[in-house]
Amino acid sequence: MSLDELLAVLEDANAAGVFQLPAHCREAVGRAAAEAGFACFEVSLADCSRLDEVLARLGDDLDFPGWYGHNLDALKDCLTDLSWVEAAGYVLFIDHAGPFLVREPEGFAVLGEVLAVAVAEWRALGYPMWIFFDAQATALAVFAATG
């Protein structure tokens, strides 16, 4: 996929979602997102194996406001109100989610549902929000940015 083709895909709010991103596609996606003027966030869950740890890490790394309550409702509220980082769209790379997925699959599923709701709310406003996990999960479609 060329940079222009990737840009077109990323700028399409209707195509946005929560995906697994193969490692070899990350650089291209990051480059295209920057080119599109998207805000890009990177969160490592390397030492997170429980949902409460994941929620804390997301709040810290996305620089959520002080009212963030470290729960799923607050996560959804913060992800759908990124007023402190206005951009043409949003990309969130979530790395090292494997241990969390293995230890707490129900928590991973609930997290995925909340992330999908946030993506849908941005989509309704015409803004793309893309969330990419490096972990393989049956619930995640694979986003292939390269041919």
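**View 1. Glu42 and its salt-bridge partners.** Glu42 is an exposed residue, with a relative accessible area of 55%. What you are looking at here, and in every view that follows, is a predicted model. Glu42 forms a salt bridge with Arg26, and the closest N and O atoms of this pair are 3.3 Å apart. The two partners come from distant parts of the chain: Arg26 belongs to helix H2 and Glu42 to strand S2, with their positions 16 residues apart in sequence. Look also for Asp95, since Arg26, Glu42 and Asp95 are linked in a network of salt bridges. In total, the structure holds eight salt bridges.

**View 2. Arg57 meets Asp47.** Here is another salt bridge, formed by Arg57 and Asp47, with the closest N and O atoms 2.8 Å apart. Arg57 lies in helix H3 while Asp47 sits in the loop between S2 and H3, so this pair ties together parts that are 10 residues apart in sequence. Is Asp47 buried or exposed? Asp47 is exposed, because its relative accessible area is 55% and the cut-off for that word is over 50%.

**View 3. Glu53 and Arg50 side by side.** The side chains of Glu53 and Arg50 meet in a salt bridge, at 3.3 Å from N to O. Glu53 is partly exposed, at a relative accessible area of 23%. Arg50 is partly exposed as well, with 35% relative accessibility.

**View 4. A patch of negative charge.** On the surface, Asp4, Glu5, Glu11 and Glu35 gather in a patch of negative charge. Take Glu35 as your way in: you will find this residue in helix H2, which covers residues 26-35. Glu35 has a relative accessible area of 55%, so it counts as exposed.

**View 5. Two histidines with positive phi.** His70 has a positive phi of about 55°, although this residue is not a glycine. To find His70, look in the loop between helix H3 (51-61) and helix H4 (72-79). With 43% relative accessibility, His70 counts as partly exposed. Now turn to His96, another residue other than glycine with a positive phi, near 60°. Where is His96 found? His96 is in the loop between S3 and helix H5 (98-103). His96 is partly exposed, at 43% relative accessibility.

**View 6. Cys78 in helix H4.** Cys78 is part of helix H4. Its relative accessibility is 0%, so Cys78 counts as buried; that word applies under 20%. Try finding Asp63 from here: Cys78 and Asp63 are 15 residues apart along the chain, and their C-alpha atoms are separated by 9.7 Å.

**View 7. Ser44 and Asp134.** Ser44 has its place in strand S2, made of residues 39-44. This serine is partly exposed, with a relative accessible area of 26%. How far apart are Ser44 and Asp134 in sequence and in space? They are 90 residues apart in sequence and 10.0 Å apart in space, C-alpha to C-alpha.

**View 8. Confidence along the chain.** The mean pLDDT of the protein chain is 94, and 99% of its residues reach 70 or more. Which strand has the lowest confidence, and which the highest? Confidence is lowest in strand S5 (residues 141-142), at a mean of 90, and highest in strand S3 (residues 90-95), at 98.

Terms used. Residues numbered from 1 in each chain as written. Predicted model: local features only at pLDDT ≥ 70, side-chain atom pairs only at ≥ 80, totals over all residues. Heavy atoms only, no water. Patch = residues over 30% accessible without salt bridge, like charges linked within 9 Å, V, L, I, M, F, W, Y side chains within 5 Å. Areas by Shrake-Rupley, 256 points an atom, 1.4 Å probe, with all protein chains shown as cover. Salt bridge = Lys/Arg side-chain N within 4 Å of Asp/Glu carboxyl O. Lys, Arg positive; Asp, Glu negative; His and termini not counted. Charge placed at Lys NZ, Arg CZ, Asp CG, Glu CD. Helix = DSSP H or I, 4+ residues; strand = E, 2+ residues; numbered from the N terminus. Buried < 20%, exposed > 50% of the residue type's maximum accessible area, 1.4 Å probe, protein only. pLDDT = per-residue confidence, 0-100.
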